[in-house]
Amino acid sequence: MWDYEILKLFWWVAVGLLLIGFVITDGMDMGAAMLMPLVSRSDSERRVVINTLAPHWDGNQVWLVTAIGAVFAVWPVVYGAAFSSFYFAMLTILFSLFFRPLGFDYRSKLESPQWRGWWDRGIVAGSLIPTAFFGLIFGNLLQGVPLEVDQYMRASYDGSYLGLFNPFALLCAALSVVMVMLHGGTWLVARADDAVAARSARLVQPLGLLSLGLFGLGGLWVWLSGMGYSIDQMGDTGTALKLLDKQVGPGSWMDVYAREPLTLLAPLSAVAGIVTAMWLSARRQGGAAFTASSIGVGGVVATAGISMFPFIVPSSRMGEASLTLWDSVSSELTLSIVTVAGLVMVPTIILYTTWCYVKMWRRVTVSHVEQDGHSLY
């Protein structure tokens, strides 16, 4: 099969694509859920929003489960260090996610407005909190994590839960929330009843401008602060490398764009996708707007990943303990086996996910949910 260096690069790209797939699919339903109180005026309209996304939410999270599984198999050191470092943040995400399936399944079981109102709040919180925390984690990764590795290769985290809430990470969390709401808005323009779609189309405009502003502010912050790291010395990346056998110094995440101008396609696609989504939403071309916003949110995630290349978890406390795609990876044999499994499983996931979306692609209307009051969510 491929040589070791190509396998390392392949899985860096593959995990990145899995995360982008998660943001595009699950970001859509989280964003639509967050917009529910803003675009619906009655219980029937709230059910319209829920019925556009509830049939897809569990399938969408397959992307996240697959990405976590891939990290465990391909970068076991990263899996252990990242999940230990962000343990309470991960628990917060997990517990908040509980509200979504429960809310989808139980809110319409009783006619009580109070019952449905509390479940609606749970659905919004179960979408808002994970989205914000994913952005918060990315913001901390970009700054570097207080991670150390001892002589026995045992990683330890020296940060705190409250330390995650620093100004730059909060900016990333805000960008994550606003961007996902924009993406959910284009989904509702494509799938929801006319009145809900019209309100969503109007909201996409300020959300798009806010997304562009926060994305630009984040880039400016990184550039002016000189945020980032660089590898000053490392062994042959085509061989198995020891974690601490490298030298890491200060650098800038912006350097990659000067070295490799083609990487500018990532931030440019983010800006172009968001602007196009705003333009198409205003013209009520929902399917095309959703495609454009998918390119936009994918471009934002790709920008973060490419900026950090080849770092996965940079250490702010002990540079040589930073985890990179070159030295925190599994053996060549493991990567070869996982690659064969991935080449079979990922296309299968893409095929059945696409089939589900195609079969369920229709506009959900108020009359539809009122006529099927007991069979729909």
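Let me begin with a definition: a residue is called buried when its relative accessible area is under 20%, exposed when that value is over 50%, and partly exposed in between, using a 1.4 Å probe and protein chains only. By that rule Cys172 is buried, because its relative accessible area is 15%, whereas Cys356 counts as partly exposed because its value is 26%. A search for disulfides over the whole structure, taking a disulfide as a pair of cysteine sulfur atoms within 2.5 Å, returns zero.

Before going further, a word on the source: this is a predicted model, in which local features need pLDDT of at least 70 and side-chain atom pairs count only at pLDDT 80 or more, while totals for chains, interfaces and linings use all residues. Residues are numbered from 1 along each chain as its sequence is written, and side-chain values use heavy atoms, with hydrogens and water left out.

Let me turn to helix H12, which covers residues 265–282; helices here are DSSP runs of H or I with at least four residues, strands are runs of E with at least two, and both are numbered from the N terminus. How far apart are the end C-alpha atoms of H12? They are 25 Å apart, which agrees with the 26 Å that its 18 residues should span at 1.5 Å a residue, where the expected span is 1.5 Å times one less than the number of residues. The buried residues of this helix include Ala266, Pro267, Ala270, Gly273 and Ile274, and also Met278 and Leu280. Their cover includes H9, helix H10 (194–225), helix H11 (255–259) and H13.

Just after H12 comes Arg284, with a positive phi of about 60°, although Arg284 is not a glycine. This residue sits in the loop between H12 and H13, and it counts as partly exposed because its relative accessible area is 36%. On the other side of H13, which spans 286–308, Pro310 lies in the loop that leads to strand E5 (311–313), and the peptide bond joining Phe309 and Pro310 is cis, with omega about 0°.

Now to the charged pairs, where a salt bridge means a side-chain nitrogen of Lys or Arg within 4 Å of a carboxyl oxygen of Asp or Glu. How many salt bridges does this rule give? The count comes to 13. One of them joins the side chains of Asp29 and Arg100, at 2.6 Å from N to O. Since Asp29 belongs to helix H1 (residues 4–39) and Arg100 to helix H7 (residues 99–106), this pair ties together parts that are 71 residues apart in sequence, and both Asp29 and Arg100 are buried.

Another salt bridge brings together Asp120 and Arg46, at 3.4 Å from N to O. That pair links distant parts of the chain, with Asp120 in helix H8 (residues 113–143) and Arg46 in helix H2, 74 residues apart. Asp120 counts as buried because its relative accessibility is 8%, whereas Arg46 is partly exposed, at 25%. Both belong to a network of salt bridges that also links Asp43, Arg107, Glu111 and Arg116.

In a further pair, the side chains of Asp158 and Arg317 meet at 2.5 Å, N to O. Asp158 lies in the loop between strand E2 (155–157) and H9, and Arg317 in the loop between E5 and strand E6 (323–324), so this salt bridge ties together parts that are 159 residues apart in sequence. Asp158 is partly exposed, with a relative accessible area of 48%, and Arg317 is likewise partly exposed, at 41%.

Helix H2 (residues 43–53) also holds Glu45. Is Glu45 buried or exposed? Glu45 counts as buried, because its relative accessibility is 9%. Leaving aside neighbours within four places in sequence, its contacts (heavy atoms within 4.5 Å) are Val39, Ser40, Ala195, Val196, Arg199 and Val366.

A second buried position is Ile93, in helix H6 (residues 87–97), with a relative accessibility of 5%. With the same neighbours set aside, Ile93 is in contact with Pro130, Phe133, Phe134 and Ile137. The C-alpha atoms of Ile93 and Gln143, which are 50 residues apart along the chain, are separated by 21 Å.
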